[in-house]
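Student: I'd like a close look at a single part of this one, with the rest brought in afterwards for context. Could you pick a spot and walk me through it?

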Amino acid sequence: MSSEQEIFDKCGRTYNPNDVIFHEGDLGNEMFIIQSGKVKISKQLKDGVEKTLVILGPGDFFGEMAVIDKDVRSANAVALDASRLIALDEEVFEMHMQTNPKIVKKILKNLTSRLRESNQQIANLMIKDSNRLVANTILLVVHKHGEEGANGITMDIPFTVAELSKMCGLDSPKTQEIVDKLIKAKVVRLSGETIVVTSLDNLEKFIKFLEMKEQFGE
């Protein structure tokens, strides 16, 4: 039996697609490491719109902040597909922090990466033009989750208009309207409900055009 399986037998949990792992505001006494599957971290905005913060995959971990500062959960965590997670409580977490410097280094690296992504998201959400907000969000997703193939760039996460809306904090009809513009400009196409980027070059040119339009007016 592998040590990985032994750890899962002791601390592992399985989740089905759309299972809630925890809600924003819950008391947190565990952190989670993703062994397989994907987990969406999201936050509820004041107007009731759900904002997707990040989608995590195997090897990523989350929920450590509530364990460190003993505060409530700052976001929601939901399994996107069948997922296997390792749950570490405060005692085990602190033991690893004291005895395993690699864990400390990985947590610091993870927090730095999340801070950088948060800064990008904040800058993105400050964009007033909805067209540029949507296009720029697609570009960020491409850089993080894009996989180039013969028929364009697909994402290793669910990437529908509905999911894009949550990432942008816009309603679905508005996002669909902008995606239709991007389809007409041959920047993206729909494969079923999934958004595929047909040309990264055209996407970057489209964003540049919108930036210039915003800077110099109509």
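Tutor: Let's start with Asn18, which you'll find in the loop that runs between β1 (12-15) and β2. Bear in mind that this is a predicted model. Asn18 has a phi of about 75°, a positive value, although it is not a glycine. That's worth a glance, because most residues other than glycine have a negative phi. Is Asn18 buried or exposed? Its relative accessible area is 60%, and with the cut-off for exposed at over 50%, Asn18 counts as exposed.

Now step along into the strand that follows this loop, and stop at Phe22. The structure holds three aromatic pairs. Take Phe22 with Phe32: the ring centres are 6.2 Å apart and the planes meet at 35°, so this pair is tilted. Phe22 belongs to strand β2 (residues 20-22) and Phe32 to strand β3 (residues 30-36), so the pair ties together parts that lie 10 residues apart in sequence. Both Phe22 and Phe32 are buried.

Phe22 has another ring partner in Phe62, and that pair is tilted too, with 5.9 Å from centre to centre and 45° between the planes. Since Phe22 is in strand β2 and Phe62 is in strand β6 (residues 61-62), this pair ties together parts 40 residues apart in sequence. Phe62 is buried, as is Phe22. Put the rings together and you have one aromatic cluster made of Phe22, Phe32 and Phe62. There's a charge to look for here as well: the charged end of Arg73 sits over the ring of Phe22, 4.1 Å from the ring's centre.

While you have strand β3 in view, look for Leu88, over in strand β8 (residues 83-89). Leaving aside neighbours within four places in sequence, Leu88 is in contact with Asn29, Glu30, Met31 and Ile33. Leu88 has a relative accessible area of 10%, so it counts as buried. For a sense of scale, Leu88 and Asp180 are 44 Å apart in space, C-alpha to C-alpha, and 92 residues apart in sequence.

Further along the chain there's helix α6 (residues 161-168), where six of the eight residues are buried, so the helix is largely enclosed by the rest of the structure. The buried ones are Val161, Glu163, Leu164, Ser165, Met167 and Cys168. Just after α6 comes Gly169, with a positive phi of about 75°. Lys186 also has a positive phi, near 60°, and Lys186 isn't a glycine. Lys186 lies in the loop between α7 (172-184) and β11 (188-191), and at 61% relative accessibility it counts as exposed.

Now zoom out. The protein chain has eight helices and 12 strands, and its C-alpha trace spans about 60 × 35 × 30 Å along the principal axes. Of its 218 residues, 40% count as buried. Among contacts between residues at least 6 apart in sequence, 66% join residues at least 24 apart. The accessible surface comes to about 12500 Å², and 53% of that belongs to carbon and sulfur atoms. As for charge, there are 28 positive and 33 negative side chains, with the centres of the two sets 5 Å apart.

How values were computed. Residues are numbered from 1 along each chain as its sequence is written. This is a predicted model: local features need pLDDT of at least 70, side-chain atom pairs count only at pLDDT 80 or more; totals for chains, interfaces and linings use all residues. Side-chain values use heavy atoms; hydrogens and water are left out. Rings of Phe, Tyr and Trp (its six-membered ring) pair if their centres lie within 6.5 Å; planes under 30 degrees apart count as stacked, over 60 as edge-to-face and the rest as tilted. Helices (H or I, at least four residues) and strands (E, at least two) are DSSP runs, numbered from the N terminus. Buried means under 20% relative accessible area, exposed over 50%, partly exposed in between (1.4 Å probe, protein chains only). A charge sits over a ring if NZ of Lys or CZ of Arg is within 6 Å of the ring centre and within 35 degrees of the ring normal. Contact means heavy atoms within 4.5 Å. Accessible areas come from the Shrake-Rupley method with a 1.4 Å probe; for residues, only the protein chains shown count as cover. Lys and Arg count as positive and Asp and Glu as negative; His and the chain ends are not counted. The place of a charge is taken as NZ of Lys, CZ of Arg, CG of Asp or CD of Glu.
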